[in-house]
Amino acid sequence: MAGEPLVVCTDVARTYGKGPAAVVAVHGANCVIAPGARIAVVGPSGSGKSTLLHLLAGLDRPTAGQVDHPGLARGPMARQIGVVFQGPSLLPPLTAAENVSLPLCIDGVAEDEATARAWSALEDLELASLASNLPDELSAGQAQRVAVARVLARRPRLILADEPTGQLDRDSARHVMAVLTAASDALGAAVLVTTHDARVARALRIQWYMADGRLVQPERAPREGETR
Ligand SMILES: Nc1ncnc2c1ncn2[C@@H]1O[C@H](COP(=O)(O)OP(=O)(O)OP(=O)(O)O)[C@@H](O)[C@H]1O
Ligand SMILES: [Mg+2]
């Protein structure tokens with residue numbers, strides 16, 4: 001189990017709809033996410049990034065091929081994969097802090113500890129002053145950062161973040177990427193981030209590309225001292 005890939009995709013495809021209206025969003029993708037890997041999936045709008053991310057997370061089923069999670073098989077998978085969704089995903093009646101702590105409480109973490117972990121994650125994202133705000137009292141970028149905090153507080157082994165910097169200015173984007181990579185260091189978590197921004201992608205060691213539903217993974221030798 002330890003050291004086994006977190007995700008293995010074999011000839012994965014996802015087609016939306018049927019007949020002449022069918023859209024093939026992902027074509028025959030083959031990829032492996034190793035423990036601790038840091039991957040950017042770069043591609044233009046509509047290239048299939050979100051579709052691929054949902055397949056990797058096990059939130060959507062491929063219409064052909066297979067997605068396996070050999071390195072995650074023993075525990076409840078949902079707790080080990082943290083997904084930052086591209087669109088708004090906070091629960092409107094809950095404060096930012098409650099949005100972060102609720103999944104921990106559902107996981108069985110005691111309320112005090114869940115609250116402490118939520119505050120700590122919000123502090124890491126420089127959001128402590130907004131912890132009591134409701135989602136509609138946050139900017140789109142602040143809400144996006146709360147969604148990142150919500151995932152980090154759960155300490156997953158695989159973080160799948162769908163354009164987590166899409167609503168952010170350059171400095172905030174850099175900060176979120178630094179927090180994600182620091183969390184990867186601290187937790188030993190693998191991180192996969194989709195983006196259309198090459199600058200964001202450069203924060204991660206491995207770059208994959210999506211174009212018209214096709215996943216391309218350029219080979220390159222590791223730099224000296226790199227382990228993953
Ligand atoms: N539920 C759906 N039903 C039908 N077609 C869909 C659906 N979701 C996505 N698509 C289509 O699949 C293709 C890939 O969409 P996807 O959302 O994966 O792209 P993306 O790379 O994430 O784009 P963006 O950068 O804009 O978020 C697009 O052509 C899109 O129109
Ligand atoms: Mg998308």
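Ala, Val, Leu, Ile, Met, Phe, Trp, Tyr, Cys and Pro count here as nonpolar, Asp, Glu, Lys and Arg as charged, and the others, Gly among them, as polar. By that scheme, the shell around ligand 1 has three nonpolar, ten polar and one charged residues. The model is predicted.

## Overall build

The protein has seven helices and nine strands. Its radius of gyration is 17 Å, close to the 17 Å that the globule rule gives for 228 residues, so the protein is as compact as a globular protein of that length. Along the principal axes, the C-alpha atoms fill a box of roughly 45 × 45 × 35 Å. Of the 228 residues, 42% count as buried.

Contacts reach far along the chain. Take those between residues at least 6 apart in sequence: 70% of them join residues at least 24 apart.

Confidence comes next. The average pLDDT is 92, and 92% of the residues score at least 70. Among the elements, α1 has the highest mean pLDDT, 98. Helix α2 (residues 77-80) has the lowest, 74. Where pLDDT is low, the predicted coordinates should not be read in detail.

## The ligand shell and α1

Which residues come nearest to ligand 1? Of the 14 around the ligand, they are Tyr16, Ala25, Ser45, Ser50 and Thr51. Two elements give two or more residues to this shell: β2 (23-33) and α1 (49-57). The largest share, three residues, comes from α1.

Is α1 mostly covered or open? The helix is mostly covered, with nine of its nine residues buried. Ser50 and Thr51 are among the buried residues of α1, and so are Lys49 and His54. The leucines 52, 53, 55 and 56 are buried too, as is Ala57. Gly58 follows α1, with a positive phi near 80°.

## The nonpolar core

The largest nonpolar core holds 66 residues. Leu122, Ala149 and Leu160 touch the most other members. Helix α5 (residues 140-153) gives the most to this core, eight residues.

Leu160 links back to α1. Neighbours within four places in sequence aside, Leu160 is in contact with Leu53, Leu56 and Ala57, among others. Its other contacts are Ile81, Val83 and Leu192.

## Strand β3 and the loop after it

Val41 lies in strand β3. This valine is buried, because 29 other C-beta atoms lie within 10 Å. Beyond residues up to four places away in sequence, Val41 touches Lys49, Leu52, Leu192, Thr194, Trp208 and Met210.

Gly43 lies in the loop between β3 (38-42) and α1. With 21 C-beta neighbours inside 10 Å, Gly43 counts as buried; the cut-off for buried is 20 or more. Where do the contacts of Gly43 lead? Outside residues up to four places away in sequence, Gly43 touches Lys49, His196, Tyr209, Met210 and Ala211.

Ala211 sits in strand β8 (residues 206-211). Only 12 C-beta neighbours lie inside 10 Å, so Ala211 counts as exposed. Apart from neighbours within four places in sequence, Ala211 is in contact with Gly43, Ser47 and Val216.

Three pairs give a sense of distance across the model, C-alpha to C-alpha.

| Pair | Apart in sequence | Apart in space |
|---|---|---|
| Ala211 and Arg155 | 56 residues | 31 Å |
| Gly43 and Ala186 | 143 residues | 28 Å |
| Val41 and Arg79 | 38 residues | 23 Å |

## Two residues with positive phi

Most residues other than glycine have a negative phi. Asp11 and Arg155 go the other way.

Asp11 has a positive phi of about 50° although it is not a glycine. Asp11 lies in strand β1 (residues 7-16). Is Asp11 buried or exposed? Asp11 counts as exposed, because it has 12 C-beta neighbours inside 10 Å.

Arg155 is not a glycine either, yet its phi is positive, about 55°. Arg155 is placed in the loop between α5 and β6 (158-162). With 19 C-beta neighbours inside 10 Å, Arg155 counts as partly exposed.

Key
Residues numbered from 1 in each chain as written. Chains lettered and ligands numbered in written order. Predicted model: local features only at pLDDT ≥ 70, side-chain atom pairs only at ≥ 80, totals over all residues. Near = placed C-beta within 6 Å. Helix = DSSP H or I, 4+ residues; strand = E, 2+ residues; numbered from the N terminus. Rg over C-alpha atoms; globule rule 2.2 N^0.38 Å. Contact = placed C-beta atoms within 7 Å. pLDDT = per-residue confidence, 0-100. Core = buried A, V, L, I, M, F, W, Y, C linked by C-beta atoms within 7 Å.
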